[in-house]
Structure formats: C-alpha cells, structure tokens
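Open your viewer and keep the selection tool at hand. We will go from stop to stop, and each one tells you what to pick next.

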Amino acid sequence: MKKHIKFLGLLAIAAVQFACSGDDDKGTNVPQPPADDTFIRGSDISYLPEMESVGTKFYNNGKEENMLTTLKNAGCNTVRIRLWKNPANGRSGMAEVKELAEKSRRAGLRVWLTVHYSDSWADPGKQVTPKEWEKLSFEDLRKAVTTYTETIIKEINPDIIQIGNEINSGLLFPKGNLIDNEQQCIALLTAASKAVRAKSSNTKIMIHYAGIDGEKTDWFFNKMNSIDYDYIGLSYYPMHHGKEVTEITSTINALGEKYGKKVVIAETSYAFTLLYNDFTNNNLGSNDQLIPAYPATPAGQKAFVLAVRASVEASAHGQGFAYWGGEWVAFRGKQSAFGSTYENQALYSFDNNALSVMQAFAR
C-alpha cells in the first residue's frame with residue numbers, strides 16, 4: 001500500500017513539474033540552438049508541408065535528406081513560417097503551422113512566425129482583412145486581433161512573432177490602413193503587441209517593412225514609435241529595393257541608433273540560374289534584375305547571400321537574416337503552369353539537391 005501511495009505521489013510531483021515548466025520549455029525536450037547563438041540565420045520553409053504531402057524529396061550531396069536536417073546541419077538556427085487566418089485549402093493555417101513548428105523544434109531550430117492577419121498573402125499593396133472579420137466594427141476587430149494573437153501564443157509560442165507582413169501601408173485594410181487610418185493601424189498593432197506580452201515572457205516581437213530606403217524606413221518606423229516591439233524587420237530584394245547591398249548597413253545603423261532596436265533582413269533571395277524547371281513564370285528571370293557582381297550561378301547566389309549577411313553583421317544593430325523561398329522548388333511537375341515562381345531562387349538545384357548557398361548559414 002505504501003509503495004502504491006509513493007508511486008501516486010511521484011506521479012503528482014511529475015505532473016506539477018510539467019505543468020509549471022513555463023513558456024521557455026516550448027513543449028519539447030530536444031536541444032535548442034545554444035543560448036549564445038543569437039545572430040539569426042533563418043530560412044522560410046512555409047511551403048514544406050504542402051511539398052511533402054505530394055512526396056517531394058530533397059537531397060544533400062546526392063543522398064535523400066530531410067530539409068530541416070540539411071538546414072540545421074548547414075548552420076541555420078531559425079525557420080520562418082507564415083500563418084494565415086482561414087486559408088481556403090488549410091495551407092499555412094493554424095493546424096499545419098503548429099505541426100511544422102513542432103517538427104522544427106524537434107530538429108533543434110527556433111521558430112519565427114510571420115502572421116499575415118489575412119486569409120492569404122499580405123504585402124505592401126495587399127492587406128485583405130480575413131473574411132471572418134470583414135464586417136466587424138473597429139473595436140470588435142481590435143478585440144479579434146487580441147484574441148487571435150493570444151491563441152497563436154498559446155498554441156505555438158514562437159521564439160519570434162512578426163505582427164503583420166510587409167506592412168508598409170498598414171494591415172487589415174481598410175480599417176488598419178496606415179495612410180488613411182493611422183490611429184487605427186497603430187491601435188491594432190498595439191493590441192497584437194500587448195497580447196504577445198501578456199501571454200509570453202520570451203517571444204520577441206518584430207515589425208516588418210519591405211525595403212531598405214533610409215528615408216522611407218525612417219518615416220515608417222517613426223510611426224511605430226509608440227508600439228512595444230523588439231526587432232525591426234526589412235525585406236531586401238535587389239529587383240525591388242535597389243542594387244546597393246552596402247545600403248543595408250547604413251540603413252540598419254540609422255534605424256538601430258534612432259529607435260534602439262535590433263534589425264533583421266527578414267526576407268532576401270537570389271537566383272542561381274535564369275532557366276526554369278516548370279511552365280510557371282519565374283519572379284526573377286532576366287539579367288537586368290541582377291546585380292552585375294553576382295551572376296545567376298550557384299556561386300553568385302552564395303556570394304550574394306554572404307554579402308547580405310556581411311552587411312548585417314557590419315552593424316552593431318544587425319541581428320540576422322532570413323532567406324525567402326528557399327524550399328519552393330518545382331514540386332508540381334515540370335509541365336505545371338501553377339508551380340513555383342521561385343524554383344531558380346531556391347536553396348536547391350533543379351534536381352532538388354542542396355546548393356552551395358547553404359554554406360551561408362554557417363555559424
């Protein structure tokens with residue numbers, strides 16, 4: 001009888017210890033990146049579940065290898081995953097993202113969520129309010145943002161949460177349009193930030209702007225001054241944001257010094273070829289979109305990413321970088337007209353073998 005009571009007592013203690021493990025545990029016991037490995041070396045992997053669902057295989061040195069394993073072994077310490085509210089097909093929805101986040105943590109990678117606050121893509125020109133929220137009053141929309149953000153932290157508790165994606169003109173249009181409804185935009189972002197702080201003591205908050213133009217970024221982040229956040233995130237694509245890689249350093253210096261934040265290049269990518277591997281038009285496909293010093297070759301792609309990384313590291317305010325579209329190979333077949341627009345900018349060759357650009361993640 002005493003042995004039985006002792007056993008029940010041990011179970012009770014174990015249960016209390018598990019329940020009180022805190023939000024730093026992330027729900028796993030796998031080793032995470034070392035505490036002193038704080039410079040973000042990230043890769044967006046949002047398409048990975050969809051690609052794996054149709055049997056896409058990835059290789060490293062000619063041998064089949066899980067992408068998360070390849071990234072981790074290359075030195076990547078963070079994966080970036082987009083989250084949509086109620087996507088039509090469930091892709092990038094809460095259930096899929098939660099599962100991918102858990103897999104990534106088991107692989108020893110930190111999790112960075114990019115929350116679009118939309119049912120599909122959000123970017124500087126498109127910030128569509130989720131259908132579920134489109135008829136809400138502003139006050140009810142603010143409450144919905146709070147509740148949803150709290151749910152994200154409860155379900156996934158990311159290491160980094162990006163409240164909005166490329167919100168140059170705000171989010172949740174029209175009510176959260178920064179140009180037309182500035183106070184409401186700031187109120188929505190403040191609601192999201194407060195929800196994170198209330199539910200997590202360790203999650204870093206990022207605000208994300210597309211571009212590295214010093215004047216425009218200063219205008220934008222000056223508007224964000226009243227919001228509680230940790231990281232400034234910037235997108236940098238030469239075809240959209242200029243071909244002076246060194247401008248990254250000067251912009252990070254200016255923003256870091258003025259606003260007291262760490263700065264991350266949240267999205268960047270580059271072509272390893274101008275050829276194509278399916279019948280879908282590619283996002284980048286001509287020499288005039290390139291920087292002459294970095295040709296569209298595997299070596300040129302690697303050199304570009306290393307140059308971006310070096311430009312971030314050159315500033316005391318630089319916190320890291322993330323590669324976008326690295327997983328997005330031509331996974332729907334060579335005849336698909338609805339395949340990948342990024343196959344020639346992936347981290348993998350046209351036969352899905354890891355390219356030398358992976359070395360840019362090395363610690």
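### First stop: helix α10

Select residues 298-313, helix α10, whose 16 residues should span 22 Å at 1.5 Å a residue; the end C-alpha atoms lie 23 Å apart, which agrees. This is a predicted model, so keep that in mind as you look around. Now show the side chains of G300, Q301, F304, V305, A307, V308, R309, S311 and V312: these are the buried residues of α10. What covers them? Colour β1 (40-44), α8 (238-241), α9 (247-259), β9 (262-268) and β10 (318-323), which are included in that cover.

### Second stop: helix α5

Next, pick residues 138-155. This is helix α5, with 18 residues, and its first and last C-alpha atoms are 26 Å apart, close to the 26 Å expected at 1.5 Å a residue. Among its buried residues are F138, L141, Y148 and I153. Their surroundings are worth colouring too: the cover over the buried residues of α5 includes β4 (78-83), α4 (94-106), β5 (110-115), β6 (160-163) and α6 (182-199).

### Third stop: the loop after α5

Step past the end of α5 to N157, in the loop between α5 and β6. Is N157 buried or exposed? With a relative accessible area of 10%, under the 20% cut-off, N157 is buried. Check its backbone as well: phi is positive, about 45 degrees, although N157 is not a glycine.

### Fourth stop: strand β6

Move on to β6, and show I160 and Q162 on one side, then I161 and I163 on the other; all of them are buried, and both faces of the strand are covered. Add β5 to the view: it runs parallel to β6, and 4 bridges join the two. To see one facing pair, select T114, which stands opposite Q162 in β6.

### Fifth stop: the loop between β6 and α6

Two residues deserve a click here. E166 sits in this loop, and its phi is near 50 degrees, a positive value in a residue other than glycine. E166 counts as buried, at 10% relative accessibility. P174 is found in the loop between β6 and α6 too; a cis peptide bond joins F173 and P174, with omega about 0 degrees.

### Last stop: a cavity

Finally, select Y237, P238, M239, S269, Y270, N283, L284, Q289 and Q345, which line the largest cavity. Its volume is about 30 Å³, and the structure holds 1 cavity of 30 Å³ or more. Colour the lining by residue type and you will find 5 nonpolar, 4 polar and no charged residues.

Notes. Residues are numbered from 1 along each chain as its sequence is written. This is a predicted model: local features need pLDDT of at least 70, side-chain atom pairs count only at pLDDT 80 or more; totals for chains, interfaces and linings use all residues. Side-chain values use heavy atoms; hydrogens and water are left out. On a 1 Å grid over the protein atoms alone, a cavity is a set of points where a 1.4 Å probe fits but cannot get out, and a pocket is an open set with protein on both sides within 12 Å along at least five of seven lines; lining residues have an atom within 4 Å of a point. Grid points are joined across faces, edges and corners, and a volume is the space filled by probe spheres set on the points. Ala, Val, Leu, Ile, Met, Phe, Trp, Tyr, Cys and Pro count as nonpolar, Asp, Glu, Lys and Arg as charged, and the others, Gly among them, as polar. The expected span of a helix is 1.5 Å times one less than its number of residues. Buried means under 20% relative accessible area, exposed over 50%, partly exposed in between (1.4 Å probe, protein chains only). Contact means heavy atoms within 4.5 Å. Two strands pair if DSSP finds at least two bridges between them.
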